[in-house]
Amino acid sequence: MTPPLQPGKAGSAVFTGLRRFAHAGVGLVLPALLYGLWLLAVERRWLPEQILPAPSLVWQSLQELWASGELQGHLLASASRVGWSLAVGGSAGLLLGLAMGLSRTLRDYLFPSFDVVSQFPVLGWIPLLIIFAGIDEALKISAISIAVTVPVAVNTLKGIGNIPPALFEVCRVYRFTPWQVVRRMVLPAAAPSLFNGLRQAVMQAWLTLVFVELLASSEGIGYLMVWGRQLAQLDLVIVGMVLIGAVGVALDLALRTLESWLVRWRPPAF
Amino acid sequence: MSAVIHPVLTVPALPARPPAPAINWRGAVLPLALLFAWWAVTALGWVDTRLIVPPANVLHTAVKTLQDPVFLQGVLFSLGRDLSGFAAGSAAGLALGLAMGTSRWADRALGPSFHTLRQVSLFAWLPLLSSWLGYGELSKLVFIALSTLYPVALGTFEGVRGVSRAHAEVARVYRFTRLQMLWRLILPAAAPQIATGLTLGLIYAWVATIGSEFLLANWGNGLGNVVIKARASFNVELIVFGMLAIGLVGTALNRIAIRIEARVLHWRAPSPSAF
């Protein structure tokens, strides 16, 4: 969504290690305080247990769910939905973006409609999709795929738009076939933008997934949370949030790693 | 700068092309063809018209619904919810972004928590918020504010971090007070990113408004409630119309935001690169 934030420059090299350690420590103060407050609130019974479960209870539920394999099942269900949607929506978006980016004619025909449709929030589609696709996998995969298609297509189009025209001329000089143009010039030249699209797509997919699972599902992390909410077992809700956060952090990390690996051939400008 | 909006929705900068004819009719072909196909399959009875409702029925429903005070009230409630949540969230986001951007210590203390919590997919907060704050207006407002807070805080933070050191030194030489520093250096310099963050926040606020109304459908009144209740009663015409209304309101809010952004940042427009 936004470029990753650079950590602050840490001055002279000598104390860098020590200072980094101290700085990281400062970052832990706030979570530690909140955790302390949580413990205190539970111990003093400021809130009923249904509203604020003890951290130990959350931890216990997490372990039990993990040991029974239930948690892995929910995670797997959610992950496969995201995976399928990324494959379907990603290829649709890439094709759409390439078509609109490379052919003036197709752009004239498709872009105005695409532009209008892409401004509509995906959530608005969901009630209609429920009518057509029911509330099973088809709903989740179609909704998440729409959420994925838009950023991928937009960024593909943007990436192609930023390719210097000279490169297209070089391709013409070399008599590249259209496939060669796409494979050997367009895709590498648009790679940073394509990657940006992928990053946005993953984030949108994750957002939409949690929403659809909360709205209607019988398995998945979102379902676990709805279930916990209905049984007034807030420990399950918090387990769900922790998991969703952990997956979010993991996805972010994976995307960063992939990005640095993908653009490693690009010498840095500065 | 004025074209910067939600990355997902950004209108791509098309490659320079010769001045196009005033109106390109090719863009109308696809919608018209789809509309015709929609009309044809329903008129010829090729599909179940309870599922794929005829366009005329949708139009009829639209006219009827637009005269229904309950619907209009719902739209107004949604808008009010959206804008109040947005106002609260963007104020908090601005404060947080300014704090983290101007003070290294604030960044070190708050940054890690902020960037970790940001990874929790927004809607995952809703079950917890609704348990703590009830199903009423409050949990929706807090949720919308939270959705707005992240992009605004991030945009502000990046904008403030981008203020050039040289400018800050000049300000220091002139012995700017803290308030002058904020009003005359930081806010103007960070304005474009703050505006981007606010525009993004507005989009997220609308998504959060509709999303929370979908998920807490049985409580309160709003556009999202109307649409999700139409699903329960299998009123496909109303669903289609509701979907269009959600999209139109979202697009309109977005357009207004871009207008305001362009107006407010007008003075920056002809900024020749300094380097």
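**Exercise 1. The H9–H10 pair of chain A**

Task: In this predicted model, how are H9(A) and H10(A) oriented to each other: roughly parallel, roughly perpendicular, roughly antiparallel or oblique?

Solution:
- Step 1. Take the geometry. The axes of H9(A), residues 191-215, and H10(A) come within 7 Å and cross at roughly 45°.
- Step 2. Apply the cut-offs. Under 35 degrees counts as roughly parallel, and 65 to 115 as roughly perpendicular.
- Step 3. Classify. H9(A) and H10(A) are therefore oblique to each other.
- Step 4. Add the hand. The crossing of H9(A) and H10(A) is right-handed.
- Step 5. Name the residues. Val210(A), Glu213(A) and Leu214(A) come from H9(A). H10(A) brings Ile221(A), Gly222(A), Tyr223(A), Met225(A) and Val226(A).
- Step 6. Sort by class. The contact of H9(A) with H10(A) has six nonpolar residues, one polar and one charged.

**Exercise 2. The H3–H8 pair of chain B**

Task: Which class of orientation do H3(B) and H8(B) fall into, and which residues meet?

Solution:
- Step 1. Locate the helices. H3(B) covers residues 69-102, and H8(B) covers residues 178-215.
- Step 2. Read the axes. They come within 9 Å and cross at roughly 140°.
- Step 3. Check the limit. Roughly antiparallel needs an angle over 145 degrees. H3(B) and H8(B) are therefore oblique to each other.
- Step 4. Add the hand. H3(B) and H8(B) cross in a right-handed way.
- Step 5. List the H3(B) side. It has Ser78(B), Arg81(B), Asp82(B), Gly85(B), Phe86(B), Gly89(B), Ser90(B), Gly93(B) and Thr102(B).
- Step 6. List the H8(B) side. Here are Ile186(B), Leu198(B), Gly201(B), Leu202(B), Ala205(B), Trp206(B), Thr209(B) and Glu213(B).
- Step 7. Sort by class. Six residues are nonpolar, eight polar and three charged in the contact of H3(B) with H8(B).

**Exercise 3. Two residues of chain B**

Task: Are Gly201(B) and Leu223(B) buried or exposed, and what does each one contact?

Solution:
- Step 1. Place Gly201(B). This residue is in helix H8 of chain B.
- Step 2. Count its neighbours. Gly201(B) has 30 other C-beta atoms within 10 Å, so it is buried.
- Step 3. List its contacts beyond four places in sequence. Gly201(B) touches Phe86(B), Gly89(B), Ser90(B), Gly93(B), Thr148(B), Pro151(B) and Val152(B).
- Step 4. Set sequence against space. Ala145(B) is 56 residues from Gly201(B) along the chain, with 9.1 Å between the C-alpha atoms.
- Step 5. Place Leu223(B). Its element is helix H9 of chain B.
- Step 6. Count again. With 27 other C-beta atoms within 10 Å, Leu223(B) is buried.
- Step 7. List contacts with the same exclusion. Leu223(B) meets Gly74(B), Val75(B), Ser78(B), Ile210(B), Glu213(B), Gly242(B), Ala245(B) and Ile246(B).
- Step 8. Set sequence against space. Leu223(B) and Ala189(B) are 34 residues apart along the chain, and their C-alpha atoms are separated by 38 Å.

**Exercise 4. Positive phi outside glycine**

Task: Where do Ala232(A) and Arg175(B) lie, and how exposed is each?

Solution:
- Step 1. Take Ala232(A). Its phi is near 55°, a positive value in a residue other than glycine.
- Step 2. Place Ala232(A). The loop between helix H10 (221-230) and helix H11 (234-262) of chain A holds this residue.
- Step 3. Count. Ala232(A) has 13 other C-beta atoms within 10 Å, so it is partly exposed.
- Step 4. Take Arg175(B). Its phi is positive too, about 50°, and it is not a glycine.
- Step 5. Place Arg175(B). It is found in the loop between helix H7 (165-173) and H8 of chain B.
- Step 6. Count. Arg175(B) has 7 C-beta neighbours inside 10 Å and therefore counts as exposed.

**Exercise 5. The chain contact and the core**

Task: Which helix gives the most to the side of chain B that touches chain A, and which gives the largest share of the largest nonpolar core?

Solution:
- Step 1. Set out chain B. It has ten helices and zero strands. Of its 275 residues, 39% count as buried.
- Step 2. Count the contact. It takes 55 residues from chain B and 55 residues from chain A.
- Step 3. Find the leading helix. H10(B) gives the most to the side of chain B that touches chain A, with nine residues.
- Step 4. Sort that side by class. It has 36 nonpolar, 14 polar and five charged residues.
- Step 5. Turn to the core. The largest nonpolar core has 115 residues. Ala143(A), Ala205(A), Val210(A), Leu214(A), Phe123(B) and Trp125(B) touch the most other members.
- Step 6. Find the main source. H8(B) gives the largest share of this core, 17 residues.

Terms used: Residues are numbered from 1 along each chain as its sequence is written. Chains are lettered from A and ligands numbered from 1 in the order in which they are written. This is a predicted model: local features need pLDDT of at least 70, side-chain atom pairs count only at pLDDT 80 or more; totals for chains, interfaces and linings use all residues. Axes are lines fitted to C-alpha atoms, for helices over the stretch in contact, and angles run from 0 to 180 degrees between N-to-C directions. Helices (H or I, at least four residues) and strands (E, at least two) are DSSP runs, numbered from the N terminus. A crossing is left-handed if the near helix is turned anticlockwise from the far one by less than a right angle, and right-handed if clockwise. Two residues are in contact if their C-beta atoms, placed from the backbone, lie within 7 Å. Ala, Val, Leu, Ile, Met, Phe, Trp, Tyr, Cys and Pro count as nonpolar, Asp, Glu, Lys and Arg as charged, and the others, Gly among them, as polar. A nonpolar core is a set of buried Ala, Val, Leu, Ile, Met, Phe, Trp, Tyr and Cys residues joined through C-beta atoms within 7 Å. A residue is buried if 20 or more other C-beta atoms lie within 10 Å of its own, exposed if 12 or fewer, and partly exposed in between; C-beta atoms are placed from the backbone.
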